[in-house]
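Biologist: Please take a close look at one part of this model for me. I would like the sheet, and then whatever borders on it.

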Amino acid sequence: MLADIHNKLSTTGSNLSDRLEDLLTGNFFGTIRYLPFEAALGHILKKARFEQDDEHVQWSNLIEKERGFDAVFEFWPKHHEGEIDLRLRLGGTFAGIEVKYLSGLSSEDDGDAVDLQIDYKESRNQLARYARMLAEISEGKTAYLIFLAPFVTMKNVQEAIRSRSIIEPGVHLGFLSWEDVLETLNELSPGDLDLGRKQIVQDMQELLRRKGFERFTGFTQNLLAQEVSDEHYQFSPESLNSTVSWSWNTQTLKEEEHYVFNA
């Protein structure tokens with residue numbers, strides 16, 4: 001709904017495939033904001049990973065202070081450095097969240113610039129631009145930038161940025177995977193939520209499972225209980241319970257005649 005409200009979708013729906021990240025952002029964060037911060041989003045955001053332990057401690061302390069519905073959600077706020085997917089205001093601190101689903105960063109320094117270690121003032125990297133945006137609106141105060149993506153995408157971006165100095169000082173860059181988000185939702189205690197809020201959590205869990213963010217956690221007990229022998233297996237047509245016949249109608253094509261294809 002939020003993606004539609006913010007004009008991320010065309011009225012005809014013709015750009016739906018290009019806007020899957022916006023849909024995911026709007027569906028997930030637009031829903032979770034109806035829960036008290038400490039009931040769901042606080043647990044999720046604390047899973048963000050930072051390079052330095054003290055960064056994570058500061059971030060966790062900030063999250064712990066937030067309660068109820070005081071957090072301010074700004075979806076796709078416009079700025080000359082670009083539109084980050086979500087900007088949160090937690091007390092007097094800004095936290096930006098850039099969301100990815102099927103794609104990577106939308107802008108990056110070229111190969112030569114990466115080799116030359118271009119700095120945070122000039123980098124065209126999408127996260128570098130959003131870090132400058134957060135530094136500007138924070139007016140010198142500490143700010144946080146969270147990159148949220150499928151685990152493989154998140155890991156690749158984290159490795160690519162680790163050795164570069166493209167993030168504005170004063171902005172702490174954290175990484176979070178959708179797989180961690182789903183696992184955190186699964187760990188929430190349903191007993192702490194009333195029926196309506198429990199239904200909200202279940203809907204978000206189902207949404208992320210349908211997006212393919214469920215991790216492999218091992219084989220089922222039934223599968224583990226099956227006996228495995230070192231004998232070979234034999235396949236023969238006689239073992240099939242049914243047969244399938246395939247036929248293709250053929251038609252001779254004649255040169256210079258027109259043809260109509262019917263599906």
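Modeller: This is a predicted model. Start inside the sheet, at the pairing of strand E4 with strand E5. E4 covers residues 93-99 and E5 covers residues 143-149. The two run parallel, joined by five bridges. One of the partnerships sets Ile 97 against Ile 146 of E5.

Helix H4, residues 53-65, packs on this sheet. H4 touches E1, E3 (86-90), E4, E5 and E6 (171-177). The direction of H4 makes about 95° with that of E5.

Now the whole sheet. Six strands form it, and it is open. The order reads E1-E6-E5-E4-E3-E2, with mixed pairing. Strand E1 (49-50) stands at one edge and strand E2 (72-75) at another. Each has a single partner strand, so one side of each is left without a neighbour in the sheet.

Strand E6 also leads to the largest pocket. E6 gives the most to the lining of that pocket, with four residues. Helix H7 (151-162), like E6, supplies at least two lining residues. The lining counts 17 residues in total. Nearest the centre of the pocket lie Glu 51, Glu 55, Ile 167, Val 171 and Leu 173. By class, the lining residues divide into seven nonpolar, five polar and five charged. The volume of this largest pocket is about 320 Å³.

Technical notes. Residues are numbered from 1 along each chain as its sequence is written. This is a predicted model: local features need pLDDT of at least 70, side-chain atom pairs count only at pLDDT 80 or more; totals for chains, interfaces and linings use all residues. Side-chain values use heavy atoms; hydrogens and water are left out. Two strands pair if DSSP finds at least two bridges between them. Contact means heavy atoms within 4.5 Å. Axes are lines fitted to C-alpha atoms, for helices over the stretch in contact, and angles run from 0 to 180 degrees between N-to-C directions. On a 1 Å grid over the protein atoms alone, a cavity is a set of points where a 1.4 Å probe fits but cannot get out, and a pocket is an open set with protein on both sides within 12 Å along at least five of seven lines; lining residues have an atom within 4 Å of a point. Grid points are joined across faces, edges and corners, and a volume is the space filled by probe spheres set on the points. Ala, Val, Leu, Ile, Met, Phe, Trp, Tyr, Cys and Pro count as nonpolar, Asp, Glu, Lys and Arg as charged, and the others, Gly among them, as polar.
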